[in-house]
Amino acid sequence: MIDARIHASAGGAILFDAGLAAQADEAWFDPGAWQARGLLEGHGGGRGRVAFVRAPFGACALRHYHRGGMVARALGDRYLWTGMENTRGFAEFRLLAALRERGLPVPAPVAARYRRRGVHYTADLLTRRIESAQTLAQCLHANSADAHLLQRVGALVARFHAVGVYHADLNAHNVLVAPDGLHLIDFDRGELRAPARGWQRANLARLRRSLRKVLGADGAGTGDFDATRWTPLMRGYETAMEAA
């Protein structure tokens with residue numbers, strides 16, 4: 001159970017799990033502070049880049065929110081202020097906490113922060129790291145994503161869809177393959193919805209495009225991709241949805 005508390009900070013607030021630390025700390029969101037203590041373990045890719053840190057309460061991933069697309073050129077890491085609970089970090093923290101309570105395999109939220117300046121804010125999120133994990137994209141590149149793994153990926157997605165979890169960026173980089181099982185990460189803009197085939201199909205279509213892009217399958221080899229990759233994944237998905 002996550003004991004969520006809010007702590008006022010410079011220009012904003014921090015939402016944190018008081019079960020991990022009695023007091024929130026601004027330094028949690030500063031990669032330079034972790035590096036100065038010898039606790040910065042590296043960086044991951046993706047928009048905004050993720051910093052991997054070794055915190056007193058365990059290995060964590062620190063992400064600063066950045067916009068994507070054309071709007072990023074104008075606003076970069078700034079978002080329009082519409083209230084504390086609507087900030088990207090707070091919303092994702094709350095969603096992850098709710099999914100953890102449902103027993104779903106997502107990273108445990110540690111802390112989220114926003115800093116407000118006028119009508120805009122910036123945001124950060126600290127989560128527990130899924131250790132010894134590879135992304136599905138890495139497995140595909142290494143040719144280690146066999147039909148059995150892809151069936152498990154399909155069943156994983158179905159497990160979330162069956163209870164109404166919408167993942168706004170379902171792709172091969174946000175599925176983690178770890179020794180303890182499969183996990184979904186990066187729930188920015190995700191939400192709980194009423195289960196419906198429309199958005200579920202759109203989610204699957206996004207994942208399919210991602211797999212084809214990772215494999216370089218765009219425009220060629222559709223039959224082979226469907227037979228060896230997508231068909232096993234959908235078999236796992238449909239079987240799990242029928243059993244849900």
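What follows is a chat between a trainee and a mentor about a predicted model of one protein chain.

Trainee: Let's start with the overall picture. What makes up the secondary structure of the protein chain?

Mentor: The predicted chain has seven helices and 13 strands. Its C-alpha trace spans about 55 × 40 × 40 Å along the principal axes.

Trainee: How do you know that the radius of gyration agrees with a compact globule?

Mentor: Set the value against the rule: a compact globule of 244 residues would come out near 18 Å, and the protein chain has 19 Å, so the two agree. As for burial, 47% of the 244 residues count as buried.

Trainee: And what about contacts and surface?

Mentor: Take contacts between residues at least 6 apart in sequence: 60% of them join residues at least 24 apart. The accessible surface is about 11800 Å², and carbon and sulfur atoms account for 50% of that. On the charge side, the 32 positive and 23 negative charges have mean positions 4 Å apart.

Trainee: On to helices. How do you know that the span of α3 agrees with its number of residues?

Mentor: Helix α3 covers residues 88–101, and at 1.5 Å a residue its 14 residues should span 20 Å. The end C-alpha atoms are 20 Å apart, so the span agrees.

Trainee: Why is α3 called largely enclosed by the rest of the structure?

Mentor: Because 10 of its 14 residues are buried, and buried means under 20% relative accessible area. Among them are F90, F93, L95, L96 and L99, along with the charged R88 and E92. Right after α3 comes G103, with a positive phi near 80 degrees.

Trainee: What about α6, why does its span agree with expectation?

Mentor: Same kind of check: the 19 residues of α6 (residues 197–215) should span 27 Å at 1.5 Å a residue, and its end C-alpha atoms are 27 Å apart, so that agrees. The buried residues of α6 include W199, L204, L207, L211 and V214, and also Q200, N203 and R212. Just after α6, G216 has a positive phi of about 65 degrees.

Trainee: How far does α5 reach from its first C-alpha to its last?

Mentor: Helix α5 (residues 147–162) has 16 residues and reaches 22 Å, close to the 22 Å expected at 1.5 Å a residue. Its buried residues include L149, L150, V153, L156, V157 and F160. α5 is followed by G164, whose phi is positive at near 85 degrees.

Trainee: Those are glycines. Why would a positive phi elsewhere catch your eye?

Mentor: Because most residues other than glycine have a negative phi. S132 goes the other way, with phi near 55 degrees. R189 does too, with a positive phi of about 70 degrees.

Trainee: Where does S132 lie, and why is S132 called exposed?

Mentor: S132 is in the loop between β8 (120–128) and β9 (134–135). Its relative accessible area is 64%, and the cut-off for exposed is over 50%, so S132 is exposed.

Trainee: Why does R189 count as partly exposed, then?

Mentor: R189 has 45% relative accessibility. Partly exposed runs between the 20% and 50% cut-offs, so R189 belongs there. This residue is found in the loop between β12 (181–184) and β13 (191–192).

Trainee: Back to β9. Why is T135 called buried?

Mentor: T135 lies in strand β9, and its relative accessibility is 15%. Buried means under 20%, so T135 counts as buried. Leaving out residues up to four places away in sequence, T135 touches A172, H173, V175 and L176.

Trainee: What makes V50 buried?

Mentor: V50 also has 15% relative accessibility, so it counts as buried. V50 is in strand β4 (residues 50–55). A61 is 11 residues away from V50 in sequence, and their C-alpha atoms are 6.3 Å apart in space.

Trainee: One last residue: how do you know that A145 is buried?

Mentor: The relative accessibility of A145 is 3%, and the buried cut-off is under 20%, so A145 counts as buried. A145 lies in the loop between α4 (136–141) and α5.

Trainee: Which residues does A145 touch, not counting those up to four places away in sequence?

Mentor: L136, C139, L140, L150 and R229. R229 is 84 residues from A145 along the chain, yet their C-alpha atoms are separated by 8.5 Å.

How values were computed: Residues numbered from 1 in each chain as written. Predicted model: local features only at pLDDT ≥ 70, side-chain atom pairs only at ≥ 80, totals over all residues. Heavy atoms only, no water. Helix = DSSP H or I, 4+ residues; strand = E, 2+ residues; numbered from the N terminus. Rg over C-alpha atoms; globule rule 2.2 N^0.38 Å. Buried < 20%, exposed > 50% of the residue type's maximum accessible area, 1.4 Å probe, protein only. Contact = heavy atoms within 4.5 Å. Areas by Shrake-Rupley, 256 points an atom, 1.4 Å probe, with all protein chains shown as cover. Charge placed at Lys NZ, Arg CZ, Asp CG, Glu CD. Expected span 1.5 Å × (residues − 1).
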